[in-house]
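Let's walk through this structure together, beginning with one strand and working outwards. Please keep the sequence and the model in view as we go.

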Amino acid sequence: MVDINEVAENIYLIDDYLYSIPKFGSVYLLNEEKKALVDTGVATSASAVLDGIRKAGVRPEDIAYIIVTHIHLDHAGGAGVLLKDMPQAQVVVHHKGARHLIGPVRLVNSSIEVQGEEFIAGQGEVLPIERHRVQEIHDGDTIRLGKEQLLKFIDAPGHAPHELCISETRNGGLFVGDAVGVSISENEILLPFHPPPDFDLELCLNTLERLAKLAPTVLYYAHFGVSNKVQENLRLAREKLQVWDDIVTKAIKEDAFDDVARRLMAQAYAELEPIKGVESLRSLYEYMVKIYIHLVVAGHIKYYQEAIKLN
Ligand SMILES: [Zn+2]
């Protein structure tokens, strides 16, 4: 079963069934003279991605670029496996993340530390990528896929220091990776996404402001799908971060930092309330409750602990 949709001219969204959950992981196929993928899903997503590419009428052998918005495993973990079927492809990655794809041991260990051994083991093996197949990207770099399709890379730190957003000229859209949070249930809910160890609130807010100035026509989310409500969603992403920030700031004022985790957890549950009990989103809700909210709460607390230490 493959779920693939043309979401903009020459851009296909392939549902990569991330963690076996439908409608949570987007991989995008750009079908131009040169063909490109944006993100890969985890290693176990590879078969869904390959099926999707073929269903769009494209041969995996003809993929020229595997672009990863950042190196977290749900975005780049499948790159090494996919390369086996894509002998021409270069892996395009932020210069700060490149070495972790070439030698993924530290990346995998850090993922285990954050998400647990069992969860990471279920995502398949992260294969190392040969150095000559990795293309490092800096802010402002471009890649031309065809006469009407020029990609431009934008440094987008905050969720992670190795995050890139990518603008595309054919439709005026922007691939946002995790920089604008997580959009689920057909854009009904937008959640902040700030896992440890790298979440940085200031950088997140700066990035969101910078993206708003680019005034894209559409946002292509990594989690999940596309939205035309660009400025509204960028504003909402900032507001959500602010809400979480307010909770922590208030607790610190009340000298109740020990209670922050409980308060943030309550906030996370409240934000998920609209999808609780929705049958078609059951597996997504379960993942959110079991893994996601613990990640975002831990990421937030770590950021503030370090901020307090610095003061
Ligand atoms: Zn991420």
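Strand β3 (residues 26-31) is mostly covered, with 6 of its 6 residues buried. Here a residue counts as buried if 20 or more other C-beta atoms lie within 10 Å of its own, as exposed if 12 or fewer do, and as partly exposed in between, with C-beta atoms placed from the backbone. Strands (E, at least two residues) and helices (H or I, at least four) are DSSP runs, numbered from the N terminus. This is a predicted model, in which local features need pLDDT of at least 70 and side-chain atom pairs count only at pLDDT 80 or more, while totals for chains, interfaces and linings use all residues. Residues are numbered from 1 along each chain as its sequence is written.

In a regular strand the side chains alternate between the two faces of the sheet. Both faces of β3 are covered: Ser26, Tyr28 and Leu30 are buried on one side, and Val27, Leu29 and Asn31 are buried on the other.

Which strands pair with β3? One partner is strand β2 (residues 11-15), which runs antiparallel to β3 over 5 bridges; strands are said to pair if DSSP finds at least two bridges between them. Within this pairing, Ile11 stands opposite Leu30 of β3. Strand β4 (residues 35-38) is another partner, also antiparallel to β3, over 4 bridges. There Asn31 faces Lys35 of β4, and a hairpin of 3 residues joins β3 to β4.

From β4 we can step on to strand β5 (residues 63-67), which pairs with β4 in the parallel sense over 4 bridges. Lys35 has Ile63 as its bridge partner in β5. Put together, these strands belong to an open sheet of 7 strands with mixed pairing, in the order β1-β2-β3-β4-β5-β6-β7. β1 and β7 (134-137) stand at the edges with a single partner strand each, so one side of each lacks a neighbour in the sheet. From one strand to the next the twist averages 25°, where axes are lines fitted to C-alpha atoms, for helices over the stretch in contact, and angles run from 0 to 180 degrees between N-to-C directions.

α1 packs on this sheet, touching β1, β2 and β3, and its direction makes about 145° with that of β2. In helix α1 (residues 46-55), the buried residues are Ala46, Ala48, Val49, Leu50, Gly52 and Ile53. These buried residues pack against β1 (4-8), β2, β3 and α3 (79-83); residues are in contact if their C-beta atoms, placed from the backbone, lie within 7 Å. After α1 comes Gly57, which has a positive phi near 85°.

Now let's turn to another sheet. This one is open, has 6 strands with mixed pairing, and follows the order β8-β9-β10-β11-β14-β15. Its edges are β8 (142-146) and β15 (225-227), each with a single partner strand, so one side of each is left without a neighbour in the sheet. Neighbouring strands are turned by 25° against each other on average, direction ignored. At one end of the order, strand β14 (residues 218-221) pairs with β15 in the antiparallel sense over 3 bridges, and Tyr220 stands opposite Val226 in β15.

How is the chain divided into domains? Domain 1 covers 4-186 + 199-229 and domain 2 covers 239-310, with bounds that come from an automatic or database domain assignment. Their centres, taken over C-alpha atoms, are 25 Å apart. Contacts link 15 residues of domain 1 with 13 residues of domain 2. On the domain 1 side, α5 (105-115) and α7 (201-214) are the elements that give two or more residues, and α7 provides the largest share, 3 residues.

Further along, Asp259 lies in the loop between α8 (230-253) and α9 (260-272). Is Asp259 buried or exposed? Asp259 is exposed because only 11 other C-beta atoms are found within 10 Å. Its C-alpha atom is 9.3 Å from that of Val248, 11 residues away along the chain.

Finally, consider the whole protein chain, with its 10 helices and 15 strands. Buried residues make up 44% of its 311 residues. The C-alpha trace spans about 60 × 45 × 40 Å along its principal axes.

Note on methods: Contact = placed C-beta atoms within 7 Å.
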